[in-house]
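Me: I have a model open and some labels to go through. Please justify each label from its value.

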Amino acid sequence: MPDTALAPLPRTAARAGTDAPPLLPLEVRDLTLEIGGKTLIDRLNLSLGESGITMVMGPNGSGKSLLLRLLHGLIAPTGGAISWAGNPAGPAITKRQALVFQKPVLLRRSVAANMDFVLRTRRGRAGPGRDALLDRVGLRGKAAQPARLLSGGEQQRLALARALATAPEMLFLDEPTASLDPASVHLIETIVADTARAGTRVIFVTHDVGQAKRLAEDIVFLDRGRVAETAPAATFFDASQSDAARAYLEGRLLL
């Protein structure tokens with residue numbers, strides 16, 4: 001459990017006082033990724049609006065994690081285009097985003113030093129300070145502790161705090177609660193929901209149907225490297241339109 005009650009999250013100020021153009025809506029057209037002669041993302045098309053939490057679901061190998069990495073600019077597509085409010089993807093877009101991986105990658109330093117390392121890259125952009133961020137994820141009481149001695153759930157909360165330290169307008173989450181205990185899952189879901197309410201757009205990969213029902217405003221369902229279905233969450237779970245999504249929800253597609 002956290003050392004203190006989770007502190008309220010201030011509304012994001014990532015664009016406050018800047019001339020940065022809008023980041024959203026997102027438009028993806030015919031996005032393709034081929035590696036070793038195999039097509040992993042196959043002419044994928046997607047449109048996302050300016051607010052909320054989108055959960056990306058689908059069976060193993062459907063391209064969920066690859067899609068996040070493509071959107072965040074970690075890998076380059078072999079075809080197609082990604083457009084952010086009419087602007088092409090590039091470093092200026094990527095620096096306004098953050099990505100949290102399934103397995104945290106932490107420095108061999110204290111919790112506080114891990115935060116300070118990221119905060120130095122913010123270079124004067126508005127956003128909460130170290131203590132406020134650690135309060136937000138319930139880790140301020142462990143600021144002096146080596147980061148790699150934290151529990152799995154605590155490490156993931158630290159990774160999330162580091163992502164929020166950059167004051168992102170877009171937050172990508174790649175199964176951040178996989179293999180965590182229920183208490184840690186609840187805490188991370190609370191932080192993510194508060195982050196979205198504070199103005200950060202969230203795209204969250206999950207295999208957890210219950211988690212998607214708790215958090216999602218809309219669902220993007222991938223199958224074989226393509227978008228098989230997009231729908232508001234309630235519509236998706238009550239009346240999925242694609243055969244692939246229905247099979248997945250009924251347990252007939254492997255997770």
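Me: This is a predicted model. How do you know that the reach of helix H5 fits the expected span?
Reply: Helix H5 covers residues 152-165, 14 residues in all, and reaches 20 Å from its first C-alpha to its last. At 1.5 Å a residue, 20 Å is expected, and the helix comes close to that.

Me: What makes H5 largely enclosed by the rest of the structure?
Reply: Of its 14 residues, 13 are buried, so the rest of the structure largely encloses H5.

Me: Why is the contact between Arg 96 and Glu 169 called a salt bridge?
Reply: The side chains meet at 2.7 Å, N to O. The cut-off is within 4 Å, so the pair qualifies. Arg 96 is in the loop between helix H2 and strand E6, and Glu 169 is in the loop between H5 and strand E7, 73 residues apart. Both Arg 96 and Glu 169 are buried.

Me: Why is Asp 135 called buried, and Arg 140 partly exposed?
Reply: Buried means under 20% relative accessible area, and Asp 135 has 18%, so the label holds. Arg 140 has 40% relative accessibility, which lies between 20% and the 50% above which a residue is exposed, so Arg 140 is partly exposed. Asp 135 and Arg 140 form a salt bridge, with their closest N and O atoms 3.2 Å apart.

Me: What makes the salt bridge of Asp 194 and Arg 136 a tie between separate parts?
Reply: Their side chains meet at 2.5 Å, N to O. Asp 194 lies in helix H6 and Arg 136 in helix H4, so the bridge ties together parts 58 residues apart in sequence. Arg 136 is buried, at 2% relative accessibility.

Note on methods:
Residues numbered from 1 in each chain as written. Predicted model: local features only at pLDDT ≥ 70, side-chain atom pairs only at ≥ 80, totals over all residues. Heavy atoms only, no water. Helix = DSSP H or I, 4+ residues; strand = E, 2+ residues; numbered from the N terminus. Expected span 1.5 Å × (residues − 1). Buried < 20%, exposed > 50% of the residue type's maximum accessible area, 1.4 Å probe, protein only.
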